Amino acid sequence: MKALVVGAGIAGLVVARQLGLAGWEVELLEKSAAPRPDGYMMDFFGPGVEAAERIGLYSRLAAVAYHVEAAEYVDGRGRPTSSLDYDQFARLAGGKALSLLRPDMEQATRAALDDVDPGRVRVRYGAPVSRVWSDDEGVLVAVDGSPNLTLAADVLVGADGIHSGVRAEVFDREEEYLRPMGMRAAAFIVTEPLLNARFRNRFVLTDSIDRVVGLYSLRSDKVAAFMVYRDASGATGDLRFESPRERLRREFAGLGQAVDRLLELCPEHPYDDVVAQIIMPGWQKGRTVLVGDACGAVSLLAGQGGSLAIAGAALLGDILGPVASPDGISSALTEFERRWAPVVEVAQAAGRRSASSFLPANRVQRLLRRWIIRATRLPGVDRLVARQIVARIAK
Ligand SMILES: Cc1cc2nc3c(=O)[nH]c(=O)nc-3n(C[C@H](O)[C@H](O)[C@H](O)COP(=O)(O)OP(=O)(O)OC[C@H]3O[C@@H](n4cnc5c(N)ncnc54)[C@H](O)[C@@H]3O)c2cc1C
């Protein structure tokens with residue numbers, strides 16, 4: 001059996017590996033010329049942890065994780081207003097939680113392709129898929145480039161992220177499924193030894209209204225920053241009149257020295273995108289199925305996109321892997337969606353509920369967040385309630 005997987009992000013890499021291990025021949029097509037170095041820190045907990053352990057990926061992820069002692073909200077002068085111990089967060093999140101840089105997570109997952117027999121999974125970078133269609137034999141894709149390339153397979157897996165082109169080709173245009181959450185997120189990494197030393201082993205967030213900056217110290221004097229701010233302009237954002245960097249400088253001015261320094265060092269083209277979810281009535285059509293953010297983006301507010309990408313991709317591999325003839329494909333894809341969609345829906349609902357604690361709109365909401373964080377330390381707080389709170393606020 002042969003599969004085409006579009007997108008070598010976390011979901012695509014895991015599906016490709018699991019199908020390869022099951023004996024499939026897999027072509028993994030990635031539009032970037034090389035693995036994408038840009039990234040942000042991700043909390044990895046929940047369903048992805050269990051899935052990563054089951055498929056033998058967890059130890060590889062743990063090996064590149066960062067040690068974070070606490071998540072701390074700070075005021076404009078850098079003084080803590082509330083903090084959450086990370087071990088406590090891990091306990092409440094079910095026992096295991098890792099902090100990983102997105103490109104490290106991707107690289108560890110890519111390295112796990114070595115577990116597959118040589119030749120079973122072929123990864124092509126610089127291979128943007130531009131067209132998808134099907135015939136009686138299966139699915140076909142056209143890859144832009146020189147020379148133009150057409151590939152055919154029994155199954156097509158669209159793991160091409162929140163702005164999925166496979167989704168637009170096989171299902172409908174993005175506007176039908178993308179639900180903006182009234183915010184944009186930017187992320188970038190800078191080299192700054194002083195800030196690195198100041199924030200080491202802590203995840204620092206500004207305790208601000210309508211905008212938040214998160215900072216982690218990385219290895220090699222680097223600092224990873226993400227910035228989230230309100231934006232009602234929808235999926236594209238109106239960036240006609242200023243560059244993303246200028247816009248960040250305008251949006252985040254006045255949040256203190258550390259943020260000012262970050263804005264000074266911000267690259268011209270940081271990662272910058274709408275914060276949104278993808279909500280679709282169905283994830284599979286004929287021999288095409290979507291996985292990861294392409295069909296079920298939960299948004300960074302849920303803090304579980306990477307975790308769900310791994311768990312969903314591993315489940316798809318479990319269900320599709322044993323299929324030995326094209327006749328079994330359709331029911332396998334239906335079964336995948338039947339089992340996985342409810343899990344994604346729960347995470348999406350949690351993401352929507354967390355909007356006001358993640359980005360308080362006023363002082364009352366900010367106070368409430370401080371109170372909630374402090375309450376998680378009280379011995380009497382019910383573990384389940386606390387776990388829910390942590391999932392909502394401790395991104
Ligand atoms: C600022 C921020 C913070 C986040 N924090 C967390 C967190 O703490 N915890 C967490 O679990 N999640 C977090 N997430 C979400 C998480 O990053 C995503 O949910 C996850 O990476 C989705 O993985 P994916 O493989 O589905 O998609 P992606 O990682 O988007 O990968 C899709 C791949 O497809 C490729 N592609 C796209 N189009 C084509 C094409 N036409 N042809 C070929 N290739 C194509 C892309 O180049 C890309 O490599 C965060 C996201 C953001 C933006």
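In this predicted model, an oxygen atom of the ligand is found 2.8 Å from a polar backbone atom of D43. The ligand is surrounded by 31 residues, and the closest of them are E30, Y40, D43, D293 and G306. The points below turn from the ligand to three helix pairs, two of which involve helix α1 and two of which involve helix α11.

**Around the ligand**

- Besides the backbone of D43, the backbone of A11 offers a polar atom that is 2.9 Å from an oxygen atom of the ligand.
- D293 approaches the ligand through its side chain, where a polar atom lies 2.8 Å from a ligand oxygen atom.
- A11 and G306 also take part in the contact between helices α1 and α11, and G306 is among the residues closest to the ligand.

**Helix α1 with helix α11**

- Helix α1, which covers residues 10–21, and helix α11, which covers residues 305–320, have axes that come within 8 Å and cross at roughly 25 degrees.
- Because angles under 35 degrees count as roughly parallel, this crossing makes α1 roughly parallel to α11, and the crossing is right-handed.
- On the α1 side the contact uses I10, A11, V14, V15, Q18 and L19, while on the α11 side it uses G306, A309, I310, A313, A314, L316, G317 and L320.
- The residues of this contact comprise 11 nonpolar and 3 polar ones, with no charged residue among them.

**Helix α1 with helix α5**

- Helix α5, made of residues 102–111, packs with α1 at an angle of about 10 degrees, and the two axes are 9 Å apart.
- The two helices, α1 and α5, are therefore roughly parallel to each other.
- From α1 the residues I10, L13 and V14 make the contact, and from α5 the partners are M105, E106, T109 and R110.
- Here the contact residues divide into 4 nonpolar, 1 polar and 2 charged.
- I10 and V14 of α1 appear in the contact with α5 and also in the contact with α11.

**Helix α11 with helix α12**

- Helix α12, which spans residues 329–353, packs with α11 at an angle of about 160 degrees, with the axes 9 Å apart.
- Since angles over 145 degrees count as roughly antiparallel, α11 and α12 are therefore roughly antiparallel to each other, and their crossing is right-handed.
- In α11 the residues L308, A311, G312, L315, L316, I319 and L320 meet A332, L333, E335, F336, R339, W340, V343 and A347 in α12.
- The residues of this contact are 12 nonpolar, 1 polar and 2 charged.

Note on methods: Residues are numbered from 1 along each chain as its sequence is written. This is a predicted model: local features need pLDDT of at least 70, side-chain atom pairs count only at pLDDT 80 or more; totals for chains, interfaces and linings use all residues. Side-chain values use heavy atoms; hydrogens and water are left out. Axes are lines fitted to C-alpha atoms, for helices over the stretch in contact, and angles run from 0 to 180 degrees between N-to-C directions. Helices (H or I, at least four residues) and strands (E, at least two) are DSSP runs, numbered from the N terminus. Angles under 35 degrees count as roughly parallel, over 145 as roughly antiparallel, 65 to 115 as roughly perpendicular and the rest as oblique. A crossing is left-handed if the near helix is turned anticlockwise from the far one by less than a right angle, and right-handed if clockwise. Contact means heavy atoms within 4.5 Å. Ala, Val, Leu, Ile, Met, Phe, Trp, Tyr, Cys and Pro count as nonpolar, Asp, Glu, Lys and Arg as charged, and the others, Gly among them, as polar. A residue is near a molecule or strand if one of its heavy atoms lies within 4 Å of it. A polar contact is a pair of N or O atoms within 3.5 Å; within protein, one must be able to donate a hydrogen and the other to accept it, and residues adjacent in sequence count only if both atoms are side-chain atoms.
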